[in-house]
Amino acid sequence: AIVVDEYMQTSKKDVFAAGDSCAIYYNPIKKHAYIPLATNAVRMGTLVAQNLVKPTIKYMGTQGTSGLHIYDYNVASTGITETAASLFDMNVKSITISENNRPEFMPTYENITLKVVYEEETRRIVGAQVISKIDATQAINTLSVCVQQEMTIDELGFMDFFFQPHFNKPWHFLNQAGLQALQA
Ligand SMILES: Cc1cc2nc3c(=O)[nH]c(=O)nc-3n(C[C@H](O)[C@H](O)[C@H](O)COP(=O)(O)OP(=O)(O)OC[C@H]3O[C@@H](n4cnc5c(N)ncnc54)[C@H](O)[C@@H]3O)c2cc1C
C-alpha cells in the first residue's frame with residue numbers, strides 16, 4: 001500500500017494518493033495499517049482536494065468502523081478486537097456485557113451483547129463490537145469517537161447519555177460496560 005502523510009501527500013512532491021491504494025493511520029494502534037473501506041476512501045479523497053494547493057486539513061485517522069446486517073442480527077465493530085490486539089503486540093483487557101435494551105417493564109425488550117476492548121495499562125478504549133436483533137449499531141459510532149479521542153473505559157462508565165424507557169435504561173448499556181469494567 002502507498003504510504004501518505006496526514007495531508008495525503010506521497011513521498012514524491014505534488015503526488016497525492018487516496019483510497020484502497022493507501023495505508024492509513026489507524027488510531028487504535030497509532031500506526032499505519034491497510035484498512036480498505038469506502039468510509040476511509042471518501043475522507044481521503046476529499047482531503048486530497050482540500051490539500052492540493054497547500055496543506056490545510058489533516059486526516060484524523062481511522063478506527064476502521066464497520067457494520068453488517070446478517071440474518072436476524074445487526075453487528076458492528078470499531079477499532080481492534082481482542083484477537084487482533086495480540087497481532088499488534090498490545091496488552092489489552094476486555095469486558096463483555098449482555099443487557100436488555102430497555103426496562104423489562106416495557107411490553108417488549110431485546111438483548112444486546114457488547115464487548116469493549118481496552119489497553120490494560122492506560123485503560124484507553126481501543127475497540128468494541130456489538131451484536132443484537134435490534135439495531136444497536138449506532139453505539140459503535142459513539143465508541144469510535146471514544147477510541148479517536150483516547151477515552152478510557154472508566155470515563156465510559158459515567159458519560160452522559162439520555163434515558164427514556166422507550167429507548168433505553170437509566171444506565172445506558174455503554175455506561176454498563178464501563179461500570180462493569182471497574183469491577184473486572
Ligand atoms: C463486496 C464489497 C462490499 C463492500 N462494502 C463496504 C461497506 O459496506 N462499507 C465500506 O466502507 N466499504 C465497503 N467496501 C470497500 C469499498 O468498496 C472500497 O473501500 C472503496 O470502494 C475504495 O474506493 P477507491 O476509490 O479507493 O477504489 P475503487 O472503488 O476500487 O475504485 C478504483 C477505480 O479505479 C479503476 N481502475 C483500476 N485500475 C485502473 C487503471 N489502470 N486505469 C483507470 N482506472 C483504473 C477501477 O476500475 C475502479 O473504478 C466493500 C467492498 C467490497 C468489494
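The questions and answers below go through a predicted model of one protein.

Residues are numbered from 1 along each chain as its sequence is written, and side-chain values use heavy atoms, with hydrogens and water left out. Because the model is predicted, local features need pLDDT of at least 70 and side-chain atom pairs count only at pLDDT 80 or more, while totals for chains, interfaces and linings use all residues.

Visitor: Which pattern of helices and strands does the protein follow along the sequence?

Guide: Helices (H or I, at least four residues) and strands (E, at least two) are DSSP runs, numbered from the N terminus. The protein has 5 helices and 7 strands. Read along the sequence, they give β-β-α-β-β-α-β-β-β-α-α-α.

Visitor: What percentage of the residues count as buried?

Guide: Buried means under 20% relative accessible area, exposed over 50%, and partly exposed in between, with a 1.4 Å probe and protein chains only. The protein has 184 residues, and the share of them that counts as buried is 45%.

Visitor: Is Ala1 buried or exposed?

Guide: Ala1 is found in the segment before β1 (24-26). Not counting residues up to four places away in sequence, Ala1 touches Ser21, Cys22, Ala23 and Tyr34, where contact means heavy atoms within 4.5 Å. Its relative accessibility is 72%, so Ala1 counts as exposed.

Visitor: Is Thr137 buried or exposed?

Guide: Thr137 is found in the loop between β7 and α3. Leaving aside neighbours within four places in sequence, Thr137 is in contact with Asn74, Val75, Ala76 and Val130. Its relative accessibility is 17%, so Thr137 counts as buried.

Visitor: Which helix gives the most to the largest nonpolar core?

Guide: A nonpolar core is a set of buried Ala, Val, Leu, Ile, Met, Phe, Trp, Tyr and Cys residues joined through side-chain atoms within 4.5 Å. The largest one has 23 residues, and Leu114, Val116 and Leu143 have the most contacts inside it. At least two residues of this core come from each of β5 (92-100), β6 (111-119), β7 (125-132), α3 (138-148), α4 (153-158) and α5 (173-183). The element that gives the most, with 5 residues, is α3.

Visitor: How many residues are in the other core?

Guide: In soluble globular proteins, nonpolar side chains tend to be buried together. Apart from the largest core lies another, with Ala17, Ile29, Ala84 and Val126 among its members. Its size is 21 residues.

Visitor: How many Å separate the centres of domain 1 and domain 2?

Guide: The bounds come from an automatic or database domain assignment. Domain 1 covers 1-62 and domain 2 covers 66-183. Taken over C-alpha atoms, their centres are separated by 28 Å.

Visitor: Which three residues supply 56% of the area that domain 1 buries against domain 2?

Guide: Buried area is the accessible area (1.4 Å probe) that two parts lose on being put together, summed over both. Domain 1 and domain 2 bury about 740 Å² between them, 60% of it on carbon and sulfur atoms. On the domain 1 side, more of the area comes from this trio than from any other three residues: Pro28, Ile29 and Lys30.

Visitor: Which side chain meets Lys30 in a salt bridge?

Guide: A salt bridge is a side-chain nitrogen of Lys or Arg within 4 Å of a carboxyl oxygen of Asp or Glu. The count between domain 1 and domain 2 is 1 salt bridge. For Lys30, the distance is 3.3 Å, N to O, and the partner is Glu150.

Visitor: How many residues apart are Lys58 and Glu6?

Guide: The side chains of Lys58 and Glu6 meet in a salt bridge (3.9 Å, N to O). Lys58 is partly exposed at a relative accessible area of 47%, and Glu6 is partly exposed at 39%. Lys58 lies in the loop between α1 (38-51) and β3 (66-70) and Glu6 in the segment before β1, and the distance along the chain is 52 residues.

Visitor: Is Lys169 buried or exposed?

Guide: The side chains of Lys169 and Glu104 meet in a salt bridge (2.9 Å, N to O). Glu99, Glu104 and Lys169 are linked in a network of salt bridges. Glu104 is partly exposed, at 41% relative accessibility. With a relative accessible area of 15%, Lys169 is buried.
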